[in-house]
Every structure is written in structure tokens, then in C-alpha cells.
Amino acid sequence: MSIAPKSVLDAGCGEGWLVGALHNFGIDALGIDALPEFINRARQAYAGRFKVASYQDLSQRYLNECFDAVVCNFSLLGNESVSCLFRQIPSLLNSGGMLIVQTLHPLAACGDLPYRDGWRPGSWQGFNERFKDPAPWYFRTLESWRALFQESGLELFETREPLHPETLQPASVIFMATCRSDAHWR
């Protein structure tokens with residue numbers, strides 16, 4: 001499937017780098033984040049549109065627009081908040097639109113803990129000293145991710161597992177999904 005969206009919602013955009021990059025390619029992108037300080041930094045650093053909004057805020061009525069793609073790039077940390085976002089996705093996508101999620105691969109993120117869903121302590125390993133007090137995050141198995149897509153009216157059409165160049169172990173997982181025909185409830 002060709003991925004050439006004209007409009008993108010970056011859900012959990014952080015400091016806005018992806019919206020800025022998409023804007024440079026002529027793609028209309030809106031970045032949302034629940035933290036006003038991230039949105040303020042994004043507005044200062046990048047061209048594009050930015051809005052303070054939580055996943056619970058999202059709906060087509062709240063944003064008053066739909067998108068060719070919704071992207072979640074390492075931004076899905078919670079349990080209920082992520083489930084809430086996924087339930088909103090069908091109402092945020094144009095016909096034929098897609099959800100693209102990149103997150104830590106469960107095999108890489110599991111560590112020595114049991115391979116089952118649940119809350120895990122956060123870590124800023126690999127980040128600079130500006131990053132303090134890491135938040136806990138909700139771990140999902142591959143099976144649990146697939147179930148979340150299914151329960152939300154989304155159909156996975158591709159899963160990619162980029163490998164770490166040195167360890168050759170899965171570093172992340174990229175899920176691509178479209179709405180099932182019975183899930184568009186606008």
C-alpha cells in the first residue's frame with residue numbers, strides 16, 4: 001500500500017519535530033500534545049500547526065477535521081488513555097486513511113520482566129540530563145497490541161520490525177492499520 005497522505009495528525013507530538021518535517025514536504029500536519037510546554041517549544045521551533053489536547057480530548061468534533069493519517073511515534077505510554085485514543089481513530093480518519101504506530105518492540109522492552117501486559121517503571125536511558133523523573137508506561141505484548149487494533153475497529157494491514165543495526169534484535173515495531181468498513185461512525 002502506498003503511503004502518501006496529504007494531511008496527518010501527530011498524536012503525542014512532543015516537541016514537534018515530525019510535524020516540522022512533514023510541513024517541509026508540503027504535508028498539512030497538526031501536532032497535538034497534552035503538555036503545553038511541548039506545544040510552546042514546537043511552535044517556536046517548527047512550522048506547522050500545533051494544539052494542546054489530550055487523547056481524551058480527541059474526536060472529530062473537537063478538532064473539526066479529519067486526516068489521511070494519524071501517527072503515534074513513540075507516544076503511547078498509558079493504558080486507558082491509549083485505548084481511548086484508539087476508539088477515536090475511526091472518527092478522525094478520512095475514507096481510506098490509516099493509523100501508523102511506532103513503539104518499542106515488546107521483545108526489546110520486556111527486559112527481564114514477564115512477557116505480559118502491565119505497568120513498567122520508566123527510564124530515560126540514552127537521553128541527556130534534562131530528562132528527569134521518567135513516567136511509568138504500560139507494556140503490551142504483540143498479541144495485546146493486535147487485540148487493541150481489532151477492538152477499536154481497526155484492521156492491521158502491515159507490521160514492520162526494524163532491527164537494531166548492531167544486535168540485529170527488533171528495536172521497534174511499526175503497525176499500520178486502516179478502519180474496518182463497519183468502524184466509520186462519523
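A pocket, on a 1 Å grid over the protein atoms alone, is an open set of points where a 1.4 Å probe fits, with protein on both sides within 12 Å along at least five of seven lines; lining residues have an atom within 4 Å of a point. The model is predicted: local features need pLDDT of at least 70, side-chain atom pairs count only at pLDDT 80 or more, and totals for chains, interfaces and linings use all residues. Numbering runs from 1 along each chain as its sequence is written, and side-chain values use heavy atoms, without hydrogens and water.

**Exercise 1.** Find which element gives the most residues to the lining of the second largest pocket.

*Solution.* The second largest pocket holds about 250 Å³ of space. Its lining has 15 residues; closest to the centre are Ile-3, Leu-18, Leu-22, Val-71 and Ile-100. Two or more residues come from each of α1 (17–24), β4 (67–73), β5 (93–104) and β9 (172–179). β4 gives the most, with four residues.

**Exercise 2.** Describe the surroundings of Asp-10 in strand β1 (residues 7–11).

*Solution.* Asp-10 is buried (under 20% relative accessible area, 1.4 Å probe, protein chains only). Asp-10 has no salt bridge (a side-chain nitrogen of Lys or Arg within 4 Å of a carboxyl oxygen of Asp or Glu). The nearest side chain of opposite charge, Arg-49, is 12 Å away. Leaving out residues up to four places away in sequence, Asp-10 touches Leu-18, Val-19, Leu-30, Gly-31, Ile-32 and Val-71 (heavy atoms within 4.5 Å).

**Exercise 3.** Is Ser-95 buried or exposed?

*Solution.* Ser-95 sits in strand β5. Its relative accessibility is 72%, so Ser-95 counts as exposed (over 50%). Ser-95 lies 9.1 Å from Thr-178, C-alpha to C-alpha, with their positions 83 residues apart in sequence numbering.

Methods: Lys and Arg count as positive and Asp and Glu as negative; His and the chain ends are not counted. Grid points are joined across faces, edges and corners, and a volume is the space filled by probe spheres set on the points.
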